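Please consider the sequence and the model shown below. The paragraphs after them offer a guided reading of one part of the fold.

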Amino acid sequence: MATTSTTRKQLEVVRDDKTPQKWCVLLREDVFRRFMSQGSPNPTIQKVFGGASFFSPLLFGKFFDPSDAFPLWEIESDIFLSGLRSAGQNTIDWFQTDQDYVLKVELPGEGKNNIQVYAENGKVVEISGQWKQQQQGGESNSSKSAKDWRSGNWWEHGYVRRLELPQDADSKRIEASLTNDLLLELKIHKINNKPLDYEANAKDNDAD
């Protein structure tokens, strides 16, 4: 019997992002609907921005620009996701424990390895990637385009979801991992909750 191997890699959480004018172009609802309807249907675009995608502006029931920070952990996922789960369309889960805030997301489209996670000013965590790879102009120009796509009409090249960090989230202790280039897991530790190994060592010291 063939076995399916699982690959898991840690992602760097970038804290010093100096991209000029990032997300300066807001995605309006009329622009988004025109973008989705123009030309022949594109399966990749539908998967990236369709209603069940974590990166869809329509995910939360009404239009919300994904480049604007959203208070995700203020919403009960079990209630919100019940419809998607019953329809077999759920690609998202989020919850919190005593130690962490956790988010699990199935990434859409192509270029999954381009996923990037940013922590911004201790207040926002940002997940972004490209669904449309740049093919023109050689390697150096391609690299430049890959850096600059967020400064223009970003939805024509990539996707984003920016999330407000809860007040007790520790922005300096954010872990991100990617399984099989498909499932992103984000773990944000809570302030005043030390890692378990730290607590165990502290108890041992007290016993001495």
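What follows is a walk through one sheet, strand by strand.

The model is predicted. Its open sheet consists of five strands, arranged in the order β1-β8-β9-β4-β3 with antiparallel pairing. At the edges lie β1 and β3 (92-96), each of which pairs on one side only. Ignoring direction, neighbouring strands of this sheet are turned by 15° against each other on average. Strands of a sheet pair through backbone hydrogen bonds, in either a parallel or an antiparallel manner.

Strand β8, which spans residues 169-179, is a useful place to begin. Of its 11 residues, eight are buried, so this strand is largely enclosed by the rest of the structure; buried here denotes a relative accessible area under 20%.

On one side, β8 is joined by four bridges to strand β1 (residues 8-11), and the two run antiparallel. Within this pairing, Q10 has S177 of β8 as its bridge partner. Strand β9 (residues 183-190) is also antiparallel to β8, and seven bridges connect the two. S177 appears again in this pairing, where the residue stands opposite E185 of β9. The link between β8 and β9 is a hairpin with three residues between the strands. In its turn, N180 has a positive phi of about 55°.

The sheet order then leads from β9 to β4 and on to β3. Strand β4 (residues 100-106) and β3 run antiparallel and are joined by five bridges. Here I92 stands opposite V105 of β4. In a regular strand, side chains alternate between the two faces of the sheet.

How values were computed
Residues are numbered from 1 along each chain as its sequence is written. This is a predicted model: local features need pLDDT of at least 70, side-chain atom pairs count only at pLDDT 80 or more; totals for chains, interfaces and linings use all residues. Side-chain values use heavy atoms; hydrogens and water are left out. Buried means under 20% relative accessible area, exposed over 50%, partly exposed in between (1.4 Å probe, protein chains only). Two strands pair if DSSP finds at least two bridges between them. Axes are lines fitted to C-alpha atoms, for helices over the stretch in contact, and angles run from 0 to 180 degrees between N-to-C directions.
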